[in-house]
Amino acid sequence: MPAKRDLRVGLVGTGFMGRTHANAYHQVRRFFPQESAPELVAVCSRDEDKAANFAAQWGFGSHETDWRRLVERDDIDLIDIASPNDTHAEIAVAAAKAGKMVACEKPLGRNLAESQRMVDAVESAGVASMVWYNYRRVPALALARQMIEEGKLGRIFHSRFKFLQDWTMSADLPQGGAGTWRLDAKLAGSGVTGDLLAHCIDAALWLVGPFAEVCGTTEVFIRERTHALSGKREAVTAEDAGLFLARFANGSLASFEATRFARGHKALFTLEINGEYGSIEWDLHDLHRLQYFSHGDESALRGWRTIHVSDSDHPYMMAWWVPGLQIGYEHTFIHQVADFMRGLATGEKLVPDFRDGLAADAVVDAVLRSARSRRWEAVEDFAAPFNLEGVG
Ligand SMILES: NC(=O)c1ccc[n+]([C@@H]2O[C@H](COP(=O)([O-])OP(=O)(O)OC[C@H]3O[C@@H](n4cnc5c(N)ncnc54)[C@H](O)[C@@H]3O)[C@@H](O)[C@H]2O)c1
């Protein structure tokens, strides 16, 4: 059989996520050899030098300074959006209309209306989509999902999710502009809710199931910051911290907390799930370990155990080194590309698509609504049915 044509990628954005995606496209060829592989056709950044340097460093065949050129080019199959949130909807809708597949960083849109437009665009064009909820591709979390699917935890009663950082605590940090666009809600849509809580929410959707209702609160600790573009002091509208309680469709309860004001924490994403037969705990700082308690163990020996998720029968680990040697953050993006490519070849949906992104954004929207109304708010369920998507 002739080899399938490579997937020709046009990447928008050369920042943090631009680098993780470019790296993933390169590495997937080497560690997940398959019929087809990504070809790095072009990268876009508004700054000519940045675009040219990124293309040279990461092996893209060409560069552009306007994303519209990427969308127009007929040598590109997939538009990958790794630029700030205010750009997502416009680029995704234009790409889908041009018949391109679309990959987009989370959150999809700045608000639910933008996210819905993006879903409508890919679904009416009939093009494949993917949203980069990369933590689903941490082997330890993929194993957790398998364990839940196999019933090892039994009925779930509780879960707890936290994502703690401290990088915006200085009052001198500006809002808006390159590097600090996350502090300007006009660009980001929201603060920690769409940024950090979105990861917790996606993990909860994946591991626990659909949300029924939420009750939350948010806070802006530094109320005014200089805007990087205007140079003027402006009110801060992106929340620094957010907490919420959730009730799930399966009757379980959860708590969520995210902040950029937890001194000493840089990216402390943790989760714990307590079920009838067992519990699991995970921590991004130790991402290759899964803590597991099984009530079914012999009572005298019962206790929390640490699973070092590095063996060849663990999700994704067959592709890497030898048992006992761990992998890290960048690999989650490589796994996501590998799963996306496999899904394209087999016709299966193996990665979160725009509809899954919309489901997470609907929870973000309900949390922000609740923070304003100070009441419980219902969550609209947009997700595809809760099923195990070919993990690992
Ligand atoms: N999956 C994750 O874990 C994760 C982590 C960080 C960020 N993100 C998401 O990734 C996206 C990008 O975040 P980042 O941290 O890489 O930001 P960043 O500020 O590091 O990089 C953004 C890049 O986009 C470019 N850009 C801005 N406007 C553009 C435009 N109109 N056309 C072309 N390029 C443009 C900037 O020049 C920059 O290169 C955001 O949506 C963010 O929420 C996801």
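Which strands and which helix are among what covers the buried residues of H9? In this predicted model, the cover includes strand S1 (7-12), helix H1 (16-31), strand S2 (38-44) and strand S6 (129-131).

So what is under that cover? The buried residues of H9 are His331, Thr332, Phe333, Ile334, His335, Gln336, Val337, Ala338, Asp339, Phe340, Met341 and Leu344. Helix H9 itself takes in 18 residues (329-346), and at 1.5 Å a residue they should span 26 Å; the end C-alpha atoms are 27 Å apart, which agrees. Right after H9 comes glycine 347, with a positive phi near 85 degrees.

Now for a pair of helices. The axes of H4 (residues 85-97) and H5 (residues 112-125) come within 9 Å of each other and cross at roughly 10 degrees. That angle is under 35 degrees, so H4 and H5 count as roughly parallel. On the H4 side, the contact is made by His88, Ala89, Ala92, Val93, Ala96 and Lys97, and H5 brings Glu114, Arg117, Met118, Ala121, Val122 and Ala125.

Stepping back to the whole chain, the domain assignment gives domain 1 (7-134) and domain 2 (137-378). Their C-alpha centres lie 23 Å apart. Domain 1 puts 36 residues into the contact, and domain 2 puts in 35 residues. On the domain 1 side, H1, H4, H5 and S6 each supply at least two residues, with the largest share, eight residues, coming from H1.

Here are the two contacts by residue class:

| Contact | Nonpolar | Polar | Charged |
|---|---|---|---|
| H4 with H5 | eight residues | one residue | three residues |
| Side of domain 1 that touches domain 2 | 19 residues | 13 residues | four residues |

Terms used. Residues numbered from 1 in each chain as written. Predicted model: local features only at pLDDT ≥ 70, side-chain atom pairs only at ≥ 80, totals over all residues. Helix = DSSP H or I, 4+ residues; strand = E, 2+ residues; numbered from the N terminus. Expected span 1.5 Å × (residues − 1). Buried ≥ 20, exposed ≤ 12 C-beta atoms within 10 Å, placed from the backbone. Contact = placed C-beta atoms within 7 Å. Axes fitted to C-alpha atoms, helices over the stretch in contact; angles between N-to-C directions. Parallel < 35°, antiparallel > 145°, perpendicular 65-115°, else oblique. Nonpolar A, V, L, I, M, F, W, Y, C, P; charged D, E, K, R; others polar. Domains from an automatic or database assignment.
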